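Good morning, and thank you for coming. I would like to take you through one structure, helix by helix, and then look at a few single residues.

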Amino acid sequence: MTRGRGRPAGGPLFDEATRQQFLDQVAAGAQLGEAAAAVGIHRNLPGYHARTDGVFARRLEEALARGKAARADKVPHGEYRYNVLGCRCKEICTPAASAARAGRRRAADADATREPDSPAPVRTVPKAPEPESPTSFLLRSRSSPPDRRAA
Ligand SMILES: [Zn+2]
C-alpha cells in the first residue's frame, strides 16, 4: 500500500497530488477553506500539516502570497481596494474611500430622522380561484391589493 515515501506526513487524506492541487488553488487566489473544499479535504487539514511539516508550511506560505497577489490584481481600484488592500492611489481609491465615508455619514444622519423601515408585509398568494365560483374573483381582489410599493 505504501508508495515508498517512507513518511506518513501526508497520509491518505493529503497526499502529494492533493497537496499540489490545494496549493494551486490557494496560489490562484482561493481562500483556504475554498481550496480545501475544492480538493475534497477538511479545511483544518492544511493548517495541521503546516504546523507539523516545515516544507509544506513554506509551500503554503508561498502559495498564500501568490494568492494574495492574484486576488489583489483582480480587485478594481475603489473603496474596497483602499480599505482591504491598502491601495492609496490618488486617482481612484483615495477619493472613492473619502466619498464613501462622507456618504455613510449622510446616510447615518438620514437614518436618525426617519422611522426604521418596517418589514415588507407577508403576502400569501391566493390559490387560483375555481372559474365556476362567482365569488372567487372578489375574494382574490380583496386579498391581494395593488402593490403600492411599485409606485
Ligand atoms: Zn488604487
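**How the helices pack**

I begin with one pair of helices: α1 and α4 are roughly parallel to each other. Their contact draws on R19, L23, V26 and A27 from α1, and on F56, R59, L60, A63, L64, R66, G67 and A70 from α4. Sorted by class, the residues of this contact are eight nonpolar, one polar and three charged. As for the geometry, helix α1 covers residues 16-27 and helix α4 covers residues 54-74, and their axes come within 7 Å and cross at roughly 30 degrees. The term "roughly parallel" applies because angles under 35 degrees count as such.

I should say at once that this is a predicted model. Let me now step back to the chain as a whole. How many helices and how many strands are there in the chain? The chain has seven helices and zero strands. Read from the N terminus, the order of elements is therefore simply α-α-α-α-α-α-α. The chain has 151 residues, of which 13% count as buried. Among contacts with a separation of 6 or more, 32% join residues 24 or more positions apart.

Returning to α1, we may check its length. With twelve residues at 1.5 Å a residue, α1 should span 16 Å, and its end C-alpha atoms are indeed 16 Å apart, so the two agree. Which residues of α1 are buried? They are R19, F22, L23, Q25, V26 and A27. These buried residues pack against α2, which covers 32-39, against α3, which covers 45-52, and against α4. A general point is useful here: an α-helix has 3.6 residues a turn, so residues three or four places apart point the same way. Just after α1, G29 takes a positive phi of about 115 degrees.

The second pair is α1 with α2. In general, two packed helices are described by the angle between their axes and the distance between the axes. For α1 and α2, the angle is about 140 degrees and the axes are 9 Å apart. The two helices are therefore oblique to each other. α1 passes α2 in a right-handed crossing. On the α1 side the contact is made by T18, Q21, F22, Q25 and V26, and on the α2 side by L32, A35, A36, A38 and V39. This contact of α1 with α2 has seven nonpolar, three polar and no charged residues.

The third pair is α3 with α4. Here the helices pack at an angle of about 125 degrees, with their axes 6 Å apart. That angle makes α3 oblique to α4. The crossing of α3 and α4 is left-handed. P46, H49 and A50 of α3 meet F56, A57 and L60 of α4. By class, the contact of α3 with α4 consists of five nonpolar residues, one polar residue and no charged residues.

**Three single residues**

I turn now to A36, which lies in helix α2. Is A36 buried or exposed? It is buried, because 22 other C-beta atoms lie within 10 Å, and the cut-off for a buried residue is 20 or more. Not counting residues up to four places away in sequence, A36 touches F22, I41, H42, R43, L45 and P46. A36 and L23 are 13 residues apart in sequence, and their C-alpha atoms are 9.3 Å apart in space.

The next residue is E79, in helix α5, which covers residues 79-85. With 18 other C-beta atoms within 10 Å, E79 is partly exposed. Beyond its neighbours within four places in sequence, E79 is in contact with A96, A97 and A100. E79 and A99 are 20 residues apart in sequence, yet 8.7 Å apart from C-alpha to C-alpha.

My last residue is C89, found in the loop between α5 and α6, the latter covering 93-112. C89 is exposed, with 12 other C-beta atoms within 10 Å. Leaving out residues up to four places away in sequence, C89 touches H77 and T94. C89 and H77 are twelve residues apart in sequence and 8.4 Å apart in space, C-alpha to C-alpha.

To close, the three residues fall into three classes: A36 is buried, E79 is partly exposed and C89 is exposed. Thank you for your attention.

How values were computed. Residues are numbered from 1 along each chain as its sequence is written. This is a predicted model: local features need pLDDT of at least 70, side-chain atom pairs count only at pLDDT 80 or more; totals for chains, interfaces and linings use all residues. Axes are lines fitted to C-alpha atoms, for helices over the stretch in contact, and angles run from 0 to 180 degrees between N-to-C directions. Helices (H or I, at least four residues) and strands (E, at least two) are DSSP runs, numbered from the N terminus. Angles under 35 degrees count as roughly parallel, over 145 as roughly antiparallel, 65 to 115 as roughly perpendicular and the rest as oblique. Two residues are in contact if their C-beta atoms, placed from the backbone, lie within 7 Å. Ala, Val, Leu, Ile, Met, Phe, Trp, Tyr, Cys and Pro count as nonpolar, Asp, Glu, Lys and Arg as charged, and the others, Gly among them, as polar. The expected span of a helix is 1.5 Å times one less than its number of residues. A crossing is left-handed if the near helix is turned anticlockwise from the far one by less than a right angle, and right-handed if clockwise.
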